[in-house]
Amino acid sequence: MKKSKIFIACDTAKKSKIKRIIRDTQNNKLKIGYKFGLEFLNSKSGRIFLSKLKNKITFADLKLHDIPNTCKSTIEAVKDLKVNYLTIHISSGLEALKAAKKVSGKVKLIGVTVLTSLDNKALKEIGFNKSVKKLVLHQARLANKAKLDAIVCSAQEVKIVKKQFKKEIITPGIRFTKKTNDQKRILTPNEAYANGADWLVIGRDLTKGNIKKNTQTLINHLSQ
Ligand code: C5P
C-alpha cells in the first residue's frame, strides 16, 4: 500500500523543538516531509539548521506575497537552502507567479489559495466579494496558467480544485482531534485523502504534547 504523505508543520522558532519533532515522528507507515514556517526561517539559527538538514523532504513556507521583482529575488536568495517546496500566495498576481516560476528551478513552487483560517465572513471583512469556494477555484485557474507545481487549499475544496489543477494538492486545516484552534475550514485526514488530497499539512495535532503518541493516533486514524 502507498504511504500517506504528511507535511509536518514545524511551527516553532526553537531548534531543539524541531529536532524533537523530527525524532519523535519517525515511523515506517508515513511518508513525511517537514514544513518550516516564518518563525523558524526568521529565527537566528533556523536558516542555518535548514541549510544543513540532509535527506529529508523540506518545505519552506515563505508565503511570498509581494511584487514580481521581490518574489523573484527572494527565491534566488533562498536557493542555498535547497528545499523541495516553497510557497507563494496566488493573490500576489499572475505576473509575480510567472516571475517566481521562472527562477524556482528544481524547487517546487506551491501556490497558496485562501488561508484555511478564513471563512466566507472573514473574506467579506477583507473586502472580497467571492465565496471561499469560488475564490479558490478562480485562484486554481491562475495557478494553472502560471504553471505552478502544486497548490495549497483546504481539504474541503480539493474536489473542485482538481477540475482546474492537475498537479499536487496540499491541504492544511487537518484535524484528528477535537481542537480547531484558529482554523476554519477543516477536515479529518481520512476525509482529506478521500477528497483527493496528495499531501496533508498537520501541525498542532502532531506537535503539541506527546509527539510519539500523537503520531500513533494519526496512524491509527489512517488505518480505519
Ligand atoms: O497546527 P495546524 O495543523 O493548524 O497548522 C497548519 C499549518 O499550515 C500552519 O503551519 C499554517 O501556517 C499552514 N497553512 C495553513 N493554511 C494555509 C496555508 C498554510 O494553515 N492556507
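Helices and strands are DSSP runs, numbered from the N terminus; a strand has at least two residues. Val112 lies in one such strand, β5, which covers residues 108-112. The model shown here is predicted, and the values below were computed from it.

Val112 is a useful place to start. With a relative accessible area of 2%, Val112 is buried, because buried means under 20%. Its C-alpha atom is separated by 7.3 Å from the C-alpha atom of Lys63, although the two residues are 49 residues apart along the chain. Positions that are well separated in sequence can thus be followed from one part of the fold to another, and the next step is Lys63 itself.

Lys63 is found in strand β3. Its relative accessibility is 30%, so Lys63 counts as partly exposed. The backbone of Lys63 has a positive phi of about 45 degrees, although the residue is not a glycine. The side chain of Lys63 leads to the ligand: one of its polar atoms lies 3.3 Å from an oxygen atom of the ligand.

What surrounds the ligand? There are 16 residues around it, and the closest are Asp11, Lys35, Thr116, Gly203 and Arg204. Sorted by class, this shell holds seven nonpolar, three polar and six charged residues. For Lys35, a polar side-chain atom lies 2.7 Å from an oxygen atom of the ligand. For Arg204, an N or O atom in the side chain is 2.7 Å from an oxygen atom of the ligand. Taken alone, the ligand exposes 470 Å², and the protein buries 89% of that area. The ligand sits in the largest pocket. Two elements give two or more residues to the shell around the ligand: β3, residues 57-64, and β8, residues 199-202.

Polar contacts also join side chains within the protein, and Glu168 provides two examples. Glu168 lies in strand β7, which covers residues 168-171. Is Glu168 buried or exposed? Glu168 is buried, because its relative accessible area is 14% and the cut-off for buried is under 20%. The side chain of Glu168 is joined to that of Lys108 by a polar contact of 3.0 Å. A second polar contact, of 2.9 Å, joins the side chains of Glu168 and Trp199.

The loops come next. Ala13 is placed in the loop between β1, residues 4-10, and α1, residues 15-24. At 40% relative accessibility, Ala13 counts as partly exposed. The C-alpha atoms of Ala13 and Leu30 are separated by 25 Å, with the two residues 17 residues apart along the chain. Asn27 is in the loop between α1 and β2, where β2 covers residues 30-36. Asn27 has a relative accessibility of 25%, and therefore counts as partly exposed. From Asn27 to Lys5 the count along the chain is 22 residues, and their C-alpha atoms are separated by 12 Å.

Another loop holds Lys147, between α7, residues 132-145, and β6, residues 150-152. Lys147 is exposed, because its relative accessible area is 57% and exposed means over 50%. The phi angle of Lys147 is positive, at about 60 degrees, although Lys147 is not a glycine.

The last stop is in a helix. Ile126 lies in helix α6, which covers residues 120-126. Which label fits Ile126 at 52% relative accessibility? Ile126 counts as exposed, because that label applies over 50%. Measuring aside, the model places the C-alpha atoms of Ile126 and Lys212 39 Å apart in space, with their positions 86 residues apart in sequence.

Definitions and conventions
Residues numbered from 1 in each chain as written. Predicted model: local features only at pLDDT ≥ 70, side-chain atom pairs only at ≥ 80, totals over all residues. Heavy atoms only, no water. Near = heavy atom within 4 Å. Polar contact = N/O pair within 3.5 Å; in protein donor to acceptor, adjacent residues only side chain to side chain. Areas by Shrake-Rupley, 256 points an atom, 1.4 Å probe, with all protein chains shown as cover. 1 Å grid on protein atoms, 1.4 Å probe; cavity = no way out; pocket = protein on both sides within 12 Å on 5 of 7 lines; lining within 4 Å. Sits in = over half its atoms within 2 Å of the grid points. Helix = DSSP H or I, 4+ residues; strand = E, 2+ residues; numbered from the N terminus. Nonpolar A, V, L, I, M, F, W, Y, C, P; charged D, E, K, R; others polar. Buried < 20%, exposed > 50% of the residue type's maximum accessible area, 1.4 Å probe, protein only.
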